[in-house]
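Q: I've got the sequence and the model open side by side. Can you walk me through reading a few features?

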Amino acid sequence: MQDSLPKHTVVLLGAGHTNAHIIKMWRMQPIRDAQLVCVSNFGIATYSGMLPGTLAGQYTPSEMQIDLVRLCAASQVRLIQAQVTGLDHENRQLLLAGRPPLNYDVLSIGIGSVPTSLPSTNGIEVPIKPMQTFLSRLDERLQELAEKIPDRPWQITIAGAGAAGIEIALCLQNRLSKMSAGAAFEISLVDRSDKILKNMPARTRSLAQRVLEERGIQLRLGREIVEISNSEGPRLDDGSNLPSDLVLWATSATSPPLLRQLGLPTDSRGFLLIRETLQSTAADDVFVVGDSGSGETQPWPKAGVYAVRQGPVLWENLRRRLANQPLIKWKPQGSFLSLLNTGDGRALLTYKRFSILARWCWKLKDSIDRPFMAMYQNYEPAMPISETSLPADKPMYCGGCGCKVDADLLSRVLRQLDNPTTPQVLVGLEQPDDVAVLQPATGTAIAATADFFTSFLDDPHLMGRIAALNALSDMHAKGAKSIGALALVTVPHGPRHQQEQYLRELLDGSLLELREARVPLVGGHTIEGTQATIGFTILGEVDPASMPSKGRLQEGDHLVLTKPLGSGILLAGHSRALCQSPWMETLLDAMLTSNQAAGHVARQMQLGAVTDVTGFGFAGHLVEMLRAGNLSAELSLGAIPLLPGAWELASQGVESTLAPGNRAAESYLQGKASLNTDPRYAILFDPQTSGGLLMAVSEDRLSELLDRLGAGAIAIGRVVKNAAARSLIQLLD
Ligand SMILES: Cc1cc2nc3c(=O)[nH]c(=O)nc-3n(C[C@H](O)[C@H](O)[C@H](O)COP(=O)(O)OP(=O)(O)OC[C@H]3O[C@@H](n4cnc5c(N)ncnc54)[C@H](O)[C@@H]3O)c2cc1C
């Protein structure tokens, strides 16, 4: 992770054809003293050119996908998955839902285009965007059709007889004929134009028309769908209905609604107006690329080939803009090679006035698309950039108290935070003092815990959330009520504006979770350093008479775990760009799940032995409990819940740097030798970040506990008497 904050921030909004080129270039040649941040609505980007082929089964889904989590990790690019709500281009800030604005020096907007909006919906429609989820949404509908309509042909309507609609219609046939029951179907293509492929030469149109006829696809041209919600099927503008069980929406490209909300000039269709340099006509620091941009005088077709050709120009201009050098111009090419996949091993090629439908055209298309995608599917980590960028005005850094972040910066950040106080805070951040003073309820004891770690994700907002949850978790395990938190933060060296942004994101993320837990932030200490760290001291109150402890196990108790294991292995994999986007999604879900509800259940059920599973790994924490209670356990290895991807990475030998140390607990484990080679065995020693709670419960209350904890909680073993002189964990299959 970052050991210093650079001077400049380049932000990419959307990782389409042009912006993806910037990530690829960054991997090879990062811009000095700048960080690259990619804001995407998905952890995966899809390549539209291969979508029809994937639909037809010519490619696997992963062949048309760029895993942004892996590509960004390999390229040292910060990936933020968030919704953009607006743009403040005067202050150069991108506004994000649920997190602080993101400052940029230069921004490149490339969020593509979307089909025209649906006239109305009734659940039978499947729009092709977002493309990332198109196939899964389609398959879900097809599955429903297979169950609901087993005895007659399905009637499928495709709206839009442009290149996309035609490719989808032809390739869908392959998918349907491969379905297990060999589904019968009738496909109709509807378009408001009286021609298919209206911008293509006449010969291309007639060749395409011939293929559609050969394949039995009906054409309803010169007709527009005006309503879908009608139970008779989509209603057309002539008042007739088109009976349909499924409507695929692949109409012409229009602007995503977000583009109109950015406060930048647009053309009549809502696309952002750009100059020849790819800059917005109204903002020098904002570039607009791919389908999202539109020329002031000379519009060009919405096709990926234009977006691809803009890549090198954007790369050059981003660098020049940061260096205050004159920008270069992009000129759209006059014509382009179009290759439509007909799904039958052929493709329809058009270049200028020349058109041909042939097998070699498919081979040509395939030979262009595969190497193109391979450039973005190289997830080998780049060499780390050794050069750190210390700002010229701060050549030396002091240790001791001199390494504190200055008071002005800190108070500016604190003023921006939403940090509600409680009556228990006698002195907190509202009247800054040297110490915070909290008033615990009478009759309670003070509970205190401290937890901090080095930053393992390039996203301070997420780090703040995870660190807060991780620290609060100890209190949930102890049955304590947290009453105040003190933040312990190391902000990487760097320019003040970057430190301010970093600290604001970090504390805003922390407060999101602290507010949820009704715990005020009452103080802390923030220093500058070479490695970003974040943690909290949490103070709470607890009833000493009823608090659980690690050792209050009873022979015969069942052991219940509330979250799956494997976060350490996945994070180790992520540092080597091996953690796939869907794995990262479930990992984040798990780390961002608070243990508050589980702790509450444990408290209500007055469970005696509870702990949270964190750095020492599952085995280490279980051994602590068993030794404190002078008991042993039988553990069913097969029942241990794992995070998706943990098994795969463990099988490849990936492990956290702390895992070898945690293997000290190995001497307490016994079982068949073959179990030691099971990847789950390695995961027993995996250090967990914001891991789950491990609880012991008597046989008669096990099902009540599992019911109350809900999905995710699993009984994994039992507490037994010590057969030998010391506690042991007997591993079973
Ligand atoms: C089925 C189909 C087949 C096609 N085949 C071809 C072809 O063979 N050749 C060709 O030249 N053109 C083809 N096109 C057209 C081509 O897809 C587009 O012109 C091209 O994708 C435009 O590239 P882009 O980078 O502007 O946008 P995209 O490739 O659409 O990328 C935009 C990215 O931004 C992300 N995004 C969207 N909204 C947000 C948001 N609010 N915040 C953050 N991220 C966001 C999206 O998830 C996406 O990853 C095809 C189109 C379709 C529908």
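Q: How many residues of each class does the shell around the ligand have?
A: The general idea is to sort residues into classes: Ala, Val, Leu, Ile, Met, Phe, Trp, Tyr, Cys and Pro count as nonpolar, Asp, Glu, Lys and Arg as charged, and the others, Gly among them, as polar. Here the shell has 18 nonpolar, 13 polar and three charged residues. Keep in mind that this is a predicted model, where local features need pLDDT of at least 70, side-chain atom pairs count only at pLDDT 80 or more, and totals for chains, interfaces and linings use all residues. Residue numbers start from 1 along each chain as its sequence is written.

Q: Which residues are the closest to the ligand?
A: A residue is near a molecule if its C-beta atom, placed from the backbone, lies within 6 Å of it. In this case 34 residues surround the ligand, and the closest are Gly 14, Gly 16, Ser 48, Gly 112 and Gly 290.

Q: Which domains does the shell draw on?
A: Domain bounds come from an automatic or database domain assignment. The shell takes at least three residues from each of domain 1 (8-112 + 256-374) and domain 2 (115-254). The C-alpha centres of domain 1 and domain 2 are 27 Å apart.

Q: Which helices supply at least two residues each to that shell?
A: Helices are DSSP runs (H or I, at least four residues), numbered from the N terminus. Among the elements that do so are H1 (17-28), H2 (51-55), H5 (163-177) and H8 (304-322).

Q: How do H1 and H3 pack?
A: Two packed helices are described by the angle between their axes and the distance between the axes. Axes are lines fitted to C-alpha atoms, for helices over the stretch in contact, and angles run from 0 to 180 degrees between N-to-C directions. H1 and H3 sit at about 35°, with their axes 8 Å apart. Ile 23, Trp 26 and Arg 27 of H1 meet Leu 71, Cys 72, Ala 74 and Ser 75 of H3; contact here means C-beta atoms, placed from the backbone, within 7 Å.

Q: Why is H3 largely enclosed by the rest of the structure?
A: Count neighbours: a residue is buried if 20 or more other C-beta atoms, placed from the backbone, lie within 10 Å of its own. Seven of the eight residues of H3 (68-75) are buried, so the helix is largely enclosed. Those buried residues include Leu 68, Val 69 and Arg 70. Just after H3, Gln 76 has a positive phi of about 55°.

Notes: A residue is buried if 20 or more other C-beta atoms lie within 10 Å of its own, exposed if 12 or fewer, and partly exposed in between; C-beta atoms are placed from the backbone. Two residues are in contact if their C-beta atoms, placed from the backbone, lie within 7 Å.
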